[in-house]
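Trainee: Could you take me through one part of this model in some detail? I'd like a close look at the place where the two chains meet.

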There are 2 protein chains.
Amino acid sequence: MKKNNSKSSGGFLDRRSFIKTGASLLTALAAPSVLAGGDKGIKVPDAMLIPGAFDDEYGKPSGYEKAVKRLVMPNGNAAFTPLDRQRGIITPPGLHFGAHHSGIPTINPEEHELYIHGLTEKALRFTLEDLARYPHEGGVMFLECSGNTWLQATSGEQAPDKSCAELYGLVSGSEWLGVPVRLLLEEAGIKPGGKWVIVEGSDAGTHARSIPIEKLLDDAIIALYQNGERLRPAQGYPMRLFLPGWEGNMNVKWVRRMEVVEAPAFTKDESRAYTETLPDGSIEQFSFYMGVKSVITTPSGQQKLPAKGFYELNGLAWSGFGKISYVEVSDDDGKTWHKAQIHGPVLTKSLTRFTLPWQWSGNIARLQSRAVDEFGNRQPSHQEWKSKYLDGSYNHYNAIQTWEVAKDGGISNVF
Amino acid sequence: MKKNNSKSSGGFLDRRSFIKTGASLLTALAAPSVLAGGDKGIKVPDAMLIPGAFDDEYGKPSGYEKAVKRLVMPNGNAAFTPLDRQRGIITPPGLHFGAHHSGIPTINPEEHELYIHGLTEKALRFTLEDLARYPHEGGVMFLECSGNTWLQATSGEQAPDKSCAELYGLVSGSEWLGVPVRLLLEEAGIKPGGKWVIVEGSDAGTHARSIPIEKLLDDAIIALYQNGERLRPAQGYPMRLFLPGWEGNMNVKWVRRMEVVEAPAFTKDESRAYTETLPDGSIEQFSFYMGVKSVITTPSGQQKLPAKGFYELNGLAWSGFGKISYVEVSDDDGKTWHKAQIHGPVLTKSLTRFTLPWQWSGNIARLQSRAVDEFGNRQPSHQEWKSKYLDGSYNHYNAIQTWEVAKDGGISNVF
């Protein structure tokens, strides 16, 4: 790896020298306007001449931000977070990605019940009021659909001409809090032989997954809160299973039933769907962990750089195994790599923000990021990822993303 | 301080023994229903029999959560976060507190300009597009109105019969990101003698504060993002000054002008308002830092415990000086104190979540929390706080809160 250097041939600016030289560097690169005539150039806006609006009981974004919205698929099965408009590790609740197969049920929380039964000493029923009295655990964590970035996985030679949101928008970050599943299972009493739990949602498709009991006794929660408020309906209101770091569909929404069993049930959601096809044609099931992954969110696909000069590259990295250790960035198609600045807090199984100051020379540049987690897991190249699966398999795509900046500043997705 | 003990006379349950005994303890204290007839007691809800709803481009809370809203004052000047319904350190954007004197201006971001002028080498004008290219810094931090909890400060002998939201709801937590002010000031070039900056908003009241330049060169940002999306209009869209740990009104919303000057301007917002009256009748100005503070949010005022038994006490602590070191909780009017569990991440100038498992015996209990920050700052008692100011002064109230649980489970605010 090439060492960081403020005179990098690649256009990367050393973070430390940047901080030191600070303004002088920026002046040359991203200069604002100098006011002709000094103070006389200051305008008084209309907003200062009339009283403003009253506040709402539940606030909403500015009307000027209407373009910042989720991309809802025509069949309604998925809604993509506009990652290329997001900064930071928290996704606003209204923009959290959604994925579901039978629509979003409307559930009266006072009528909803969670059952724990099967190989247990007792069959138990929990209301929301019961759960509210239990200890709550959790934290800021990511959630990612196992099919996120499937368009990259299923493309042929030609990379699809899509935005960062369309390619990567099935991942979001929230503060998730709820009741540890271990307390509920211990209360029911697991009988000998209870090794898996079939977890079922209250949706019309009866989404169900078999979960190894070890995960449920570890860091799994029945999530009741997301970013300080009750879950949104699209996220499982009034309760969902949350399995830190594991593929989205296992985090069963509108959860109603947990049946302790000896062996997995091979539900449609773990046999027909949510499996991967290996090169020899065999099927990989129960691929729980979301691998280490990263993407530069700005600048990114279908955006356009307005001019040469200074930009801050912004991105997100995450790993279902734990914390991000470091992220490297390249602007020369991977010939040289430069450590990005990681912005804390660096949390386990959470989105992690990285940036790197960069000067665009006006020539073609290929921007890439690659993340490494605390267990040494690394992102594969697109070709390496493809070689692990049979053509057409698309879950768990986590290869290094390449954005190409053309001479006119236009940015596109390339392999 | 009394040591933690699982047989505490005060009803507190040691966190470690709780985790170990886990279920057995809970079974006795917060037991769910045992299903008569085992699996036969499981109901199939209507939601599973009909397809669910389509997803929205911008999601919203469940219709069953309509009661979770901000309390907007009749004059519209302030909107209180429902802290007693919040769990965690992130406030949902729609529920972030608001405080403003002339309503919320509607600002077209393409027309908004930020000026830096006065004792500078150059007078500069920044558009939103200019600022978007700069490095962004920030993190998860609290924001608190200096007048938060003023009802406690101005009450006589009798504590006001109010909820936690009404007393404490002018504090919220968000991930705030934006452009370091230091970069902008350095770019303008501060002339000798430039020691303060008058910062002015684009509201009809021309809210303005004088800020010491040291703070602006330290951790101040022009905030553009809140919890991943652009600021809400009530929070200063399209940009506000954010001064980590400093009183809310200095975090000038809809910021348009920063004038570097030699001495403070003594604006109405720092002479008529946002000052404190000391016992000798003199006025304390420029009281920047929000002191260390904490409150038990559930159970809290005007809530009612449904029955004896197990509860998790939930609360938030914060300090404008830095990180929270620890929080202690009492249920016997401060005779004995027990260390609460702090839930990470513990971030500087951020809300910090604490909990403690507690068993309510059914007798009168007085619940209190007291926080200590990394600089050893501690919360005063109500009487200690009152003795520091003349009667009627109300800013920067940070005394220990007392919630009294009556024999019927009703909870009220007491001194």
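**Where chain A meets chain B**

Mentor: Sure, let's start with the head count: 100 residues of chain B are in contact with 99 residues of chain A. Keep in mind that this is a predicted model. Sorted by class, the side of chain B that touches chain A has 49 nonpolar residues, along with 26 polar and 25 charged ones.

Now for how the copies sit relative to each other. In general, two copies of a chain are related by a rotation about an axis and a shift along it. Here, a turn of 180° with a shift of 0.0 Å along the axis lays chain B on chain A, with an RMSD of 0.0 Å. The two copies are thus related as by a two-fold rotation axis. The contact lists tell their own story: 99% of the interface residues of chain B are also interface residues in chain A, so the copies meet through the same surface.

Zoom in and you'll find strand pairing across the boundary. Strand 6 of chain A (residues 124-126) and strand 1 of chain B (residues 33-34) run antiparallel, joined by two bridges. In that pairing, Leu124(A) stands opposite Val34(B).

As for the chain behind this surface, chain A has nine helices and 25 strands. Its radius of gyration is 24 Å, close to the 22 Å from the globule rule for 415 residues, so chain A is as compact as a globular protein of that length. Of those 415 residues, 52% count as buried. Among chain A contacts between residues at least 6 apart in sequence, 72% join residues at least 24 apart.

Methods:
Residues are numbered from 1 along each chain as its sequence is written. Chains are lettered from A and ligands numbered from 1 in the order in which they are written. This is a predicted model: local features need pLDDT of at least 70, side-chain atom pairs count only at pLDDT 80 or more; totals for chains, interfaces and linings use all residues. Helices (H or I, at least four residues) and strands (E, at least two) are DSSP runs, numbered from the N terminus. The radius of gyration is taken over C-alpha atoms; the globule rule is 2.2 Å times the number of residues to the power 0.38. A residue is buried if 20 or more other C-beta atoms lie within 10 Å of its own, exposed if 12 or fewer, and partly exposed in between; C-beta atoms are placed from the backbone. Two residues are in contact if their C-beta atoms, placed from the backbone, lie within 7 Å. Ala, Val, Leu, Ile, Met, Phe, Trp, Tyr, Cys and Pro count as nonpolar, Asp, Glu, Lys and Arg as charged, and the others, Gly among them, as polar. Two strands pair if DSSP finds at least two bridges between them. Copies are superposed by least squares on the C-alpha atoms of residues with pLDDT of at least 70 in both.
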